[in-house]
Every structure is written in structure tokens, then in C-alpha cells.
Amino acid sequence: MKRSTIGIVVVVLLAVLGLSSIFIVDERERVLVLQFGEVKAVREDPGMYVKIPFIQEVVRYDGRILSLPTQPAEITPLDDRRLVVDAFARWRIADVVRFREAVGVEGERAAQARLERILNAEIREVLGSVPSGAVLSEDRTPLMNRIRDQARVQAQALGIEVIDVRLTRTDLPEQNLAATFARMRAEREREAADEIARGNEAAQRIQALADRTVTELVSDARRQSEVVRGEADAERNRIYAEAFGRDPEFFAFTRSLTAYENALQQNNTSVVMSPGSEFFEFFRSDSGTQPAN
């Protein structure tokens, strides 16, 4: 009876020792085997492994890519306009031994705290070296790559690889929004006033050019009309002179008819003269010829 009991105890102890000496590594994990706090082995490949029970311990770390959102931070770009910036980083444990030496027993929580401090420092340095327009631009890829590269160098001491850094929000602080909007409105109004002034100046130049062109065209047209009128008057006088030379009486008759037409119109001023006046001499002739003096 005692022997059977002892046998059972031995079997149980062997089973406990066997189970304590075996551990399994998942493909999502990176495992350290420690002996009295000193690293004895690194297990990164998935599978079943053996350790010395009660002497060696297994410490597991996440081998996947992890995310780290940073707390909102105020930065001052090159043009002294304060901005509130949010960012997040994607990182993973690259060197598990160095990671253990850097963060100790606190593990990933301590690593994230130290990595966040590194990111905040690099964000302030990089964004503080450019104007706010570059930070607020839609294409911030070069700035994010600079932050990533500089943070990657600093994080190597922690055994961490920084894979990517992204700026999720870049806004103005609430207390600065009103002043910034007022300044932006004033700048736009000044630009609009400058554009209006330049437009008015251009309009005046165009109007002056148009007025000068109109004056020149009218003057030229008047000059040409006077020339044509003079030529027509000369031609008319020539014709009259030729007609007078051929038939003085017909010329006098036509001139009298023209005078009658102009004088006897309805709206002309009334003229009082004697019927025997020379003006009506053709009305007194039966033959329509001018009577001899």
C-alpha cells in the first residue's frame, strides 16, 4: 500500500516536472528563456521547447506589429503659429534581448512610454523646423518620413523597429482659432483690395486707350468728311458755273426756285415784302423767263 502510494507520488512529481520543463512558442510570440534573470536562450520559431524546471523561466513578448497612438501635443512651427498634433506609430520588437535589457520586467508598457517620448521629441523637432503651411498641407509624407527615420534611430537602443509614423490631426488650438480666422480674413480682404485696385487701374488704362482711339477715329472721320464736303462743294460750284456759262437765265431760274423752296416752307419765320419785289419777279413773268430790266 505504501509502495503504491509512493509510486503514485513519484509519477505525479515526474509529470509535474515534465510539464514544467516543456513550453510552446506561438508564431505570434517571441520568447526568452531566463535563468536567475540572465538570458539563456531566445525562441522565435513556433514549436515545442524544453527548459530546466523551477530554475529557468519563460518570458513572452508579442512578435506582431503594434500600434502606439500619441497624446495630443502643442508644437510651434517655424512661423510661430501654435498647432495641436496627434500621431500614431507602428512598431515591433526587433531585438528581443536588447528589448529585455532596455525595459526590464515592465515589458511592452514601459517600451510604449519610452517610445512615445521619442516620438514627441522628434515630432517637435521636425515640425518646428518648417512653417505651419507645410504642416497643414495635405501632402505631409516627407515630414512623416523624417519623423519615422529619426525615431527609428533613437528606438534602436530599445530593440524596437519603428515601421511607420503618421500624423492623424494637425489643427489650431481652440483659443487661437478666432484670432487666426480674423488674421486670415484680413489677409484675404487685403489681397482682394489689391486685386480690385489693380483691376481699376487696368480698367482706367483701357478706358483711356478707348477714349483716345474714339477721339482719333472721330477726328479722322470729320477730317475725311470735310475733305469730301469740300470736294462736293467744289464739284457743285463747278457744275453751277458751267450751267451759268451755258444758260444764265436757266441758272437764275433754278436758283430762284431753290430760294422759293427754302423761304416758303411751313415752319419758316413770316416774311413781309411787297408783291413787286424782285424776289417774286419769276411769278410776274408769263413765260417763266426773267423780265428785262
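**Note on the predicted fold**

1. Among contacts in the chain between residues at least 6 apart in sequence, 62% join residues at least 24 apart; contact here means heavy atoms within 4.5 Å. This is a predicted model, in which local features need pLDDT of at least 70 and side-chain atom pairs count only at pLDDT 80 or more, whereas totals for chains, interfaces and linings use all residues. Residues are numbered from 1 along each chain as its sequence is written, and side-chain values use heavy atoms, with hydrogens and water left out.

2. The chain holds seven helices and nine strands. Helices (H or I, at least four residues) and strands (E, at least two) are DSSP runs, numbered from the N terminus. Of the 293 residues in the chain, 25% are buried. Buried means under 20% relative accessible area, exposed means over 50%, and partly exposed lies in between (1.4 Å probe, protein chains only).

3. Three strands form an open sheet in the order β3-β2-β5, with antiparallel pairing; two strands pair if DSSP finds at least two bridges between them. Strands β3 (38-43) and β5 (56-62) are the edges, each pairing on one side only. On average, neighbouring strands of this sheet are turned by 30° against each other, direction ignored. For such angles, axes are lines fitted to C-alpha atoms (for helices over the stretch in contact), and values run from 0 to 180 degrees between N-to-C directions.

4. Strand β2 (residues 29-35) is joined to β5 by seven bridges, the two running antiparallel. Five bridges join β2 to β3, also in antiparallel fashion. Gln35 stands opposite Gln56 in β5 and opposite Glu38 in β3. Val33 faces Val58 in β5 as its opposite residue. The hairpin of β2 and β3 has two residues between the strands, and Phe36 there takes a positive phi near 55°.

5. How much of β2 is covered? The strand is mostly covered, with six of its seven residues buried. Helix α2 (residues 96-103) lies across β2, β3 and β5, and runs at about 65° to β2.

6. Helices α2 and α3 pack at an angle of about 80°, with their axes 10 Å apart. The helix α2 is therefore roughly perpendicular to α3, a class that spans 65 to 115 degrees, while angles under 35 degrees count as roughly parallel, over 145 as roughly antiparallel and the rest as oblique. At this junction, Phe99, Ala102 and Val103 in α2 meet Glu108, Ala110, Ala111 and Arg114 in α3.

7. The largest nonpolar core has 37 residues, of which Trp91, Phe99, Leu115, Leu127 and Ile160 touch the most other members. A nonpolar core is a set of buried Ala, Val, Leu, Ile, Met, Phe, Trp, Tyr and Cys residues joined through side-chain atoms within 4.5 Å. At least two residues of this core come from each of β2, β5, β6 (66-69), β8 (83-93), α2, α3 (108-127), α5 (141-155) and β9 (160-171). Helix α3 provides the largest share, eight residues. Domain 1 (1-62) and domain 2 (65-172) each contribute at least three residues; these bounds come from an automatic or database domain assignment. A second, separate core of six residues includes Phe23, Val25, Val33 and Tyr49.

8. Strand β1 (residues 22-25) has two contrasting faces: Phe23 and Val25 form the covered one, and Ile22 and Ile24 the uncovered one. Four bridges connect β1 to strand β4 (residues 47-50), and the pair runs antiparallel. The bridge partner of Val25 in β4 is Gly47.

9. Which residues of β6 are buried, and which are not? The side chains alternate along this strand: Leu66 and Leu68 point to one face and are buried, whereas Ser67 and Pro69 point to the other and are not. Strands β6 and β8 run antiparallel and are joined by four bridges. Ser67 has Arg90 as its bridge partner in β8.

10. Ala157 is found in the loop between α5 and β9. Ala157 is exposed, because its relative accessible area is 55%. Leaving aside neighbours within four places in sequence, Ala157 is in contact with Arg98 and Ala102. The C-alpha atoms of Ala157 and Phe99 are separated by 8.1 Å, although the two lie 58 residues apart along the chain.
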